[in-house]
Amino acid sequence: MPVPETTRLLHELEGTVEENLNRHLAAAQEWMPHEYVPWSQGRDFAELGGEAWDPEQSRVTPIARTALEVNLLTEDNLPSYHREIERAFGRDGAWGTWVHRWTAEEGRHGICIRDYLLVTRAVDPVELERMRMETMQAGYDTGDKPLLNVCAYVSFQELATRLSHRNTGRYTEDPLAERLLARVSTDENLHMVFYRNLVKAALEISPDAMMRAITDEVLNFAMPGAVIPSFQRKAALMAKAGIYDLRIHHDDVVQPLLRYWKVFDLTGLGAVGEAAREELATFVKGLDTQASRFEERRDATAARRAARGIVDL
């Protein structure tokens, strides 16, 4: 059973959830996965004679394959995400309607990305399945985050995922993949808007608690795909390529949401909220510094490799 404070927040935010659910449904243009999967341009599996996958069969670069695998395996853990969201939001009223609608849309992402990868032979299908099994067996656990923390986290996470998909599509240099991931990114952006608006409403209802939650989630943010096998190595490769790095995280995820919520302009915060806001400001400043240092190291490494005639794929 939800604790009394969570029950109160669920009740007070119900109208906001219903309003934003209706807005989402009006904006979420329906689409079918097969509309974005190049079945007519796929490989003829019969002609392959049952041979094992070979990198030469792929039309995308190695780093693009890595990013596509990470994005898909992140989507694959949907059963765990559904469990965690439903635990926090419940099944009643507009909350429950949203949980199931969101799950259906996220499930569609995994279907279409996997279809694209398999039809075009972009990745090793055997290795992909092994990683899927390992990822889903690891699952995803929020550690029973409170409602407000869940709302803050998914706001940042949905925006981060949107950018990861969008940048991956561009990096593939395959118009089909770019079109597909642009469509997926549109869904992710609509999800972000929904959660972003809940946080805005919660700042009006319970400003101190919501500010504390925002700060906690910025300080401890990790992508849900962190349970993917060899995630750190793959994330580093994606950062090196500029698909998702600290600069993108700071400039295009954290800062836009903090500006939208006007966290540094809010009045009426109590001691808890003010302390959280001060901690947040210090951390975000440090994050900007880290991002600049990463960019400097990456540029220096790229210059050295270029001088040696090494070309990154």
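Reader: Is E173 buried or exposed?
Author: This is a predicted model. E173 sits in the loop between helix 6 and helix 7. Its relative accessibility is 71%. The cut-off for exposed is over 50%, so E173 counts as exposed.

Reader: Which sign does phi of E173 take?
Author: Most residues other than glycine have a negative phi. E173 is a residue other than glycine, and its phi is near 60°. The sign for E173 is positive.

Reader: Where is K262, with its positive phi?
Author: Phi of K262 is near 55°, in a residue other than glycine. As for its place, K262 belongs to the loop between helix 10 and helix 11.

Reader: Which residues does the UniProt annotation "binding site" cover?
Author: The annotation comes from an unreviewed UniProt entry. Such annotations may be inferred rather than shown by experiment. The residues covered are E106, E158, E188 and H191.

Reader: What is the largest C-alpha distance within that set?
Author: The annotated residues are spread over 86 residues of sequence. In space they cluster. Their largest C-alpha distance is 10.8 Å.

Reader: Which of the annotated residues belong to the lining of the largest cavity?
Author: The annotated set is E106, E158, E188 and H191. From this set, the cavity lining takes in E106, E158 and E188.

Reader: Is E106 buried or exposed?
Author: E106 is part of helix 4, which covers residues 93-119. Beyond four places in sequence, E106 contacts E75, L78, E158, E188 and H191. Its relative accessibility is 5%. Buried means under 20%, so E106 counts as buried.

Reader: What is the relative accessibility of E158?
Author: E158 lies in helix 6, residues 147-172. Leaving out residues up to four places away in sequence, E158 touches W102, E106, E188, H191, M192 and Y195. E158 counts as buried, because its relative accessibility is 0%.

Reader: How many cavities of 30 Å³ or more are there, and what volume has the largest cavity?
Author: The search covered the whole structure and found 1 cavity of that size. The space in the largest cavity is about 230 Å³.

Reader: Which helix gives the largest share of the lining of the largest cavity?
Author: The lining has 18 residues, with Y81, W102, Y153, V154 and Q157 nearest the cavity centre. Helix 2 (62-76), helix 3 (78-89), helix 4 and helix 6 each give two or more residues. The largest share is 6 residues, and it comes from helix 6.

Reader: How many residues of the cavity lining are charged?
Author: The lining of the largest cavity includes 8 nonpolar residues and 4 polar ones. Glu counts as charged, and E106, E158 and E188 are part of this lining. The number of charged residues is 6.

Reader: Which helix supplies the largest share of the lining of the largest pocket?
Author: The largest pocket has a volume of about 590 Å³. Of its 29 lining residues, F221, M223, F231, A235 and Y244 are closest to the centre. Helices that supply at least two residues include helix 2, helix 6, helix 8 (207-219) and helix 11 (271-307). The largest share, 6 residues, comes from helix 9.

Reader: How many residues of the pocket lining are nonpolar?
Author: The lining of the largest pocket has 1 charged residue and 9 polar residues. Its nonpolar residues number 19.

Reader: Which helix gives the most to the largest nonpolar core?
Author: Nonpolar side chains tend to be buried together in soluble globular proteins. Here the largest nonpolar core has 54 residues, and those that touch the most other members are F89, F156, Y195, M210, I214, L258 and W261. One of them, F156, touches I214, V218, F221, V253, V254, L257, L258 and W261 beyond four places in sequence. With 11 residues, the element that gives the most to this core is helix 6.

Reader: How many residues are in the other core, with W31 and V60 among them?
Author: This core lies apart from the largest nonpolar core. Its members include W31, V60, I113 and I228. Its size is 28 residues.

Reader: What separates the C-alpha atoms of F194 and V227?
Author: F194 lies in helix 7, residues 175-205. F194 is buried, with a relative accessible area of 2%, and its contacts beyond four places in sequence are V17, N20, L21 and W98. F194 and V227 are 33 residues apart along the chain, and their C-alpha atoms are separated by 26 Å.

Definitions and conventions. Residues are numbered from 1 along each chain as its sequence is written. This is a predicted model: local features need pLDDT of at least 70, side-chain atom pairs count only at pLDDT 80 or more; totals for chains, interfaces and linings use all residues. Side-chain values use heavy atoms; hydrogens and water are left out. On a 1 Å grid over the protein atoms alone, a cavity is a set of points where a 1.4 Å probe fits but cannot get out, and a pocket is an open set with protein on both sides within 12 Å along at least five of seven lines; lining residues have an atom within 4 Å of a point. Helices (H or I, at least four residues) and strands (E, at least two) are DSSP runs, numbered from the N terminus. Buried means under 20% relative accessible area, exposed over 50%, partly exposed in between (1.4 Å probe, protein chains only). Contact means heavy atoms within 4.5 Å. Grid points are joined across faces, edges and corners, and a volume is the space filled by probe spheres set on the points. A nonpolar core is a set of buried Ala, Val, Leu, Ile, Met, Phe, Trp, Tyr and Cys residues joined through side-chain atoms within 4.5 Å.
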